[in-house]
Amino acid sequence: MAGRLAGKVALISGGARGQGEVEGRLFAQEGAKVVLGDILVDLGKKVAADIQKQGGQATFVPLDVTKEAEWQSAVETTVQTYGKLDILVNNAGIFRTEGVEATSLELWNQVIAVNQTGVWLGMKYAVPAIRKAGGGSIINISSGAGIIGTGMAAAYHSTKGAVRILTKTAAIEYAKDHIRINSVHPGVVDTEMVRGLMQSEGMHALLAAHPLGRVGTSEDIAYGVLYLASDESSFVTGSELVIDGGFTAH
Ligand code: NAD
């Protein structure tokens, strides 16, 4: 299949819904063979089947990004199914609004496990396979919350800031292997993650802080991720792609 990702194999965590799902569909349209990993097994299988129905190539693997063994088997399945791995999108994430005092140690550890440890584990197990393929691209989904504070969501901000700088140090570490590693920083995006919160007062203030006057769509983010995944960005590594309607420009 022709396209901007023709011949490439991509693994996307959190690929069952939201931004990860849209990235999976777009990548397949652009010629990639796509592996979707998620804890939402039924939904993930449905998305993979739907991509196939549209003529794309996709498969689903059960993946809890906090579990080392599941990352190992997700990468193994990818290589067994499609022969190699070129692209990893570390997209899975969870959002919690609690501030510093309201955050319990349990909540803190949970958010760190998914959003931060999950990204590190993904790179740890994908890098050897991508190196074997002769190089490739890793895209870590951070957030505007990894660049500026909002006075809430203490654990979430911490993880997204960590992902930003982990991306930069890993980009330097693996440049010699021709593995480019970049972070993406969405503003508020209309997905399940924030839909329930859209009506809250804090959210109204956040939305008002988007100079373009609207929230983002998963497509807005997916096109940026596609660019970083493709060879069009072959001189881009260690960078942070902000896609936020101007939210962090203040
Ligand atoms: P979403 O909740 O729709 O999707 C997140 C996906 O991650 C879901 O499919 C979920 O099942 C999966 N997931 C959660 N925990 C997991 C785990 N332990 N293992 C594997 N998969 C897991 O939200 P989204 O907006 O599509 O989020 C995608 C990414 O974008 C996240 O990293 C999020 O932090 C980031 N982000 C979102 C927004 C926003 O406003 N929606 C803004 C900035 C950044």
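Student: Which kind of ligand atom lies 2.6 Å from a polar side-chain atom of Asp 38?
Tutor: This is a predicted model, in which local features need pLDDT of at least 70 and side-chain atom pairs count only at pLDDT 80 or more, while totals for chains, interfaces and linings use all residues. Residues are numbered from 1 along each chain as its sequence is written, and side-chain values use heavy atoms, with hydrogens and water left out. With that in mind, the partner of the Asp 38 side chain at 2.6 Å is a ligand oxygen atom.

Student: And which residue brings a polar backbone atom to 3.0 Å from a nitrogen atom of the ligand?
Tutor: Backbone atoms take part here too: an N or O atom of the Gln 19 backbone is 2.8 Å from a ligand oxygen. For the ligand nitrogen, the backbone atom at 3.0 Å belongs to Val 65.

Student: How many residues surround the ligand?
Tutor: A residue is counted if one of its heavy atoms lies within 4 Å of the ligand. Among the closest are Arg 17, Tyr 156 and Thr 191. The full count is 28.

Student: Which helix gives the largest share of the shell around the ligand?
Tutor: Helices here are DSSP runs (H or I, at least four residues), numbered from the N terminus. The largest share amounts to 3 residues. They come from α6.

Student: Which two residues form salt bridges with Arg 195?
Tutor: A salt bridge is a Lys or Arg side-chain nitrogen within 4 Å of an Asp or Glu carboxyl oxygen. One partner of Arg 195 is Asp 190, with the closest N and O atoms 2.9 Å apart. The other lies 3 residues away in helix α6 (residues 192-195), so about one helical turn separates the pair. At 3.2 Å, the Arg 195 bridges thus go to Asp 190 and Glu 192.

Student: What is the relative accessibility of Arg 195?
Tutor: Its two partners are partly exposed (between the limits for buried, under 20% relative accessible area, and exposed, over 50%, with a 1.4 Å probe and protein chains only): Asp 190 is at 35% and Glu 192 at 47%. Arg 195 is partly exposed as well, at 40%.

Student: Which residue is linked with Glu 21 and Arg 25 in a network of salt bridges?
Tutor: Arg 25 and Glu 21 bridge each other, their closest N and O atoms being 3.0 Å apart. Both sit in helix α1 (residues 18-29), and because they are 4 residues apart, about one helical turn separates them. Arg 25 is partly exposed at 25%. The network with Glu 21 and Arg 25 also includes Asp 50.

Terms used:
Helices (H or I, at least four residues) and strands (E, at least two) are DSSP runs, numbered from the N terminus. A polar contact is a pair of N or O atoms within 3.5 Å; within protein, one must be able to donate a hydrogen and the other to accept it, and residues adjacent in sequence count only if both atoms are side-chain atoms.
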